[in-house]
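This report describes the strand arrangement, the aromatic contacts and the nonpolar cores of one protein model. It begins with a pair of aromatic residues and then turns to the sheets around them.

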Amino acid sequence: MKLSEISKSISDVIKRVTQGVVTIFTEKASIDVLFGYRPIRGIGSGFIISNDGVIVTNAHVIKDASKIKVLQPNGEKSYAQLMAVDPYRDLGLLRIQAKELYSLELSDSGKVEIGELVFAIGSPLGLPGPTVTMGVVSAIGRTFVSKDVILEDLIQTDAAINPGNSGGPLVNAEGKVIGVTTAIVPYAQGIGFAIPINTVKKFLLMIEKYGRPVRAWIGVYVTSITPELASIYNLPVRRGLVIVKVLPGTSAHEYGLREGDIIISINNVELDKASKLKEVIEDSIDKGYVNLKIIRNSEAYNVKVPILIEPLY
């Protein structure tokens with residue numbers, strides 16, 4: 001295929017996908033001691049996932065907003081209803097009442113590969129959108145730590161992501177959504193992150209099952225072991241999850257898990273991704289606990305840890 005044909009094919013895909021990407025305007029109440037009530041205005045992105053107007057975005061885009069307005073690519077504006085917010089996944093759901101909506105197709109982020117061509121679509125810097133940037137998948141299974149949240153199992157990309165892109169889709173060359181753009185590293189170039197779309201699917205299933213977002217976990221944040229990481233830190237295994245933080249007061253802390261412990265299996269399921277740990281924990285809610293096999297100082301231990309369930313929003 002000629003380069004011009006490839007370019008035309010990609011352009012056609014992007015034109016189709018942008019029909020389902022929206023700009024989100026928010027207002028948050030703020031009290032100024034001198035001037036009284038002064039709304040704080042924000043902007044972000046989102047994308048439509050169903051024909052009845054359900055929109056996915058980031059929690060940090062819409063959290064605590066008193067008013068949320070959505071601008072569609074056709075210029076139509078409407079106020080949005082807040083459906084759910086999950087600050088631990090940094091995901092939120094909105095619904096708008098509108099006709100002839102175009103919903104995006106969700107891919108399987110478990111099949112994403114490093115080097116895969118991707119496109120970030122959204123409304124960066126408040127510019128009229130949607131705007132498109134191109135890059136590749138730079139890495140998978142990343143952990144991003146900020147002062148507000150710790151996000152695990154992220155997709156890293158070098159596609160340009162700027163303020164305002166948050167909540168927009170990261171799509172593959174077929175136009176299917178593989179992630180939700182969520183964060184950039186301000187002191188670096190070409191490093192942005194997206195929440196895997198499989199995390200979004202799990203978020204939707206939780207709402208369907210429990211009527212609201214819930215957090216099922218044991219109180220640890222982890223990152224995947226790579227051959228490079230194992231070599232640099234002289235780790236005793238080549239696959240598993242390293243605990244990077246244990247929260248005080250959680251069951252993981254109470255049952256003796258420590259930062260630096262390596263979780264190699266959960267309920268006899270071998271681990272190489274943080275998403276698998278979350279998946280097994282969430283699937284074990286009814287049982288109430290999980291069995292972990294960990295390695296500490298080159299010695300293996302088995303630990304039975306209770307599951308914590310926290311209703312959200």
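## Aromatic pairs

In this predicted model, Phe144 and Phe193 are both buried. Trp217 and Tyr221 form a tilted aromatic pair, with 5.8 Å from centre to centre and 55° between the planes. Trp217 and Tyr221 are both buried as well.

The count of aromatic pairs comes to 2. In the pair of Phe144 and Phe193, the ring centres are 5.4 Å apart and the planes meet at 45°, so this pair is tilted. It links distant parts of the chain, since Phe144 belongs to strand β11 and Phe193 to strand β15 (residues 192–196), 49 residues apart.

## The barrel

Which strands close into a barrel, and in what order? The barrel has 6 strands in the order β10-β11-β12-β15-β14-β13, with antiparallel pairing. From one strand to the next, the twist averages 50°.

Within the barrel, strand β10 (residues 117–122) pairs with strand β11 (residues 131–145) in the antiparallel sense over 6 bridges. Val118 has Gly135 in β11 as its bridge partner. Helix α1 (residues 3–17) lies across β10, β11 and β13 (169–172), and runs at about 35° to β10.

Gly115 is found in the loop between β9 and β10. Is Gly115 buried or exposed, or does it fall in between? With a relative accessibility of 49%, Gly115 counts as partly exposed, because exposed residues are those over 50%. Leaving aside residues up to four places away in sequence, Gly115 touches Val136 and Val137. The C-alpha atoms of Gly115 and Gly135, 20 residues apart along the chain, are separated by 8.9 Å.

## The open sheet

An open sheet of 7 strands follows the order β7-β6-β1-β4-β5-β9-β8, with antiparallel pairing. Its edges are β7 (77–79) and β8 (81–86); each has a single partner strand, so one side of each is left without a neighbour in the sheet. Neighbouring strands are turned against each other by 30° on average, direction ignored.

Strand β1 (residues 21–28) pairs with strand β6 (residues 67–71) in the antiparallel sense over 5 bridges. In this pairing, Thr26 stands opposite Ile68 of β6. Helix α3 packs on the sheet, where it touches β4 (40–48), β5, β8 and β9; the direction of α3 makes about 60° with that of β9.

## Nonpolar cores

In soluble globular proteins, nonpolar side chains tend to be buried together. The largest nonpolar core of this model has 29 residues, and those with the most contacts inside it are Val17, Phe47, Val56, Leu93 and Val180. At least two residues of this core come from each of α1, β5 (54–57), β9 (91–95), β10, β12 (150–157), β14 (177–184), β15 and α3 (197–210). The largest share, 4 residues, is supplied by α3.

A second, separate core has 25 residues, including Val246, Ile285, Ile294 and Val303. As for Val17, its contacts are Leu104, Ile121, Val171 and Gly175, not counting residues up to four places away in sequence.

## Strands β18 to β22

Val242 lies in strand β18 (residues 241–246). Its relative accessibility is 13%, and Val242 therefore counts as buried. Beyond residues up to four places away in sequence, Val242 touches Tyr221, Val222, Thr223, Ile225, Leu235, Gly260, Asp261 and Ile262. The C-alpha atoms of Val242 and Val222 are separated by 5.4 Å, although these residues are 20 residues apart along the chain.

Strand β19 (residues 262–266) and strand β21 (residues 289–296) run antiparallel and are joined by 4 bridges. Here Ile263 has Ile294 in β21 as its bridge partner. A further 8 bridges join β21 to strand β22 (residues 299–306), again antiparallel, and Leu292 stands opposite Val303 in β22. β21 and β22 form a hairpin with 2 residues between them, and Asn297 in the turn has a positive phi of about 55°.

Two charged side chains sit over aromatic rings. The charged end of Arg296 sits over the ring of Tyr301, 5.9 Å from its centre. The charged end of Lys304 sits over the ring of Tyr289, 4.1 Å from its centre.

Conventions
Residues are numbered from 1 along each chain as its sequence is written. This is a predicted model: local features need pLDDT of at least 70, side-chain atom pairs count only at pLDDT 80 or more; totals for chains, interfaces and linings use all residues. Side-chain values use heavy atoms; hydrogens and water are left out. Two strands pair if DSSP finds at least two bridges between them. Axes are lines fitted to C-alpha atoms, for helices over the stretch in contact, and angles run from 0 to 180 degrees between N-to-C directions. Contact means heavy atoms within 4.5 Å. Rings of Phe, Tyr and Trp (its six-membered ring) pair if their centres lie within 6.5 Å; planes under 30 degrees apart count as stacked, over 60 as edge-to-face and the rest as tilted. Buried means under 20% relative accessible area, exposed over 50%, partly exposed in between (1.4 Å probe, protein chains only). A charge sits over a ring if NZ of Lys or CZ of Arg is within 6 Å of the ring centre and within 35 degrees of the ring normal. A nonpolar core is a set of buried Ala, Val, Leu, Ile, Met, Phe, Trp, Tyr and Cys residues joined through side-chain atoms within 4.5 Å.
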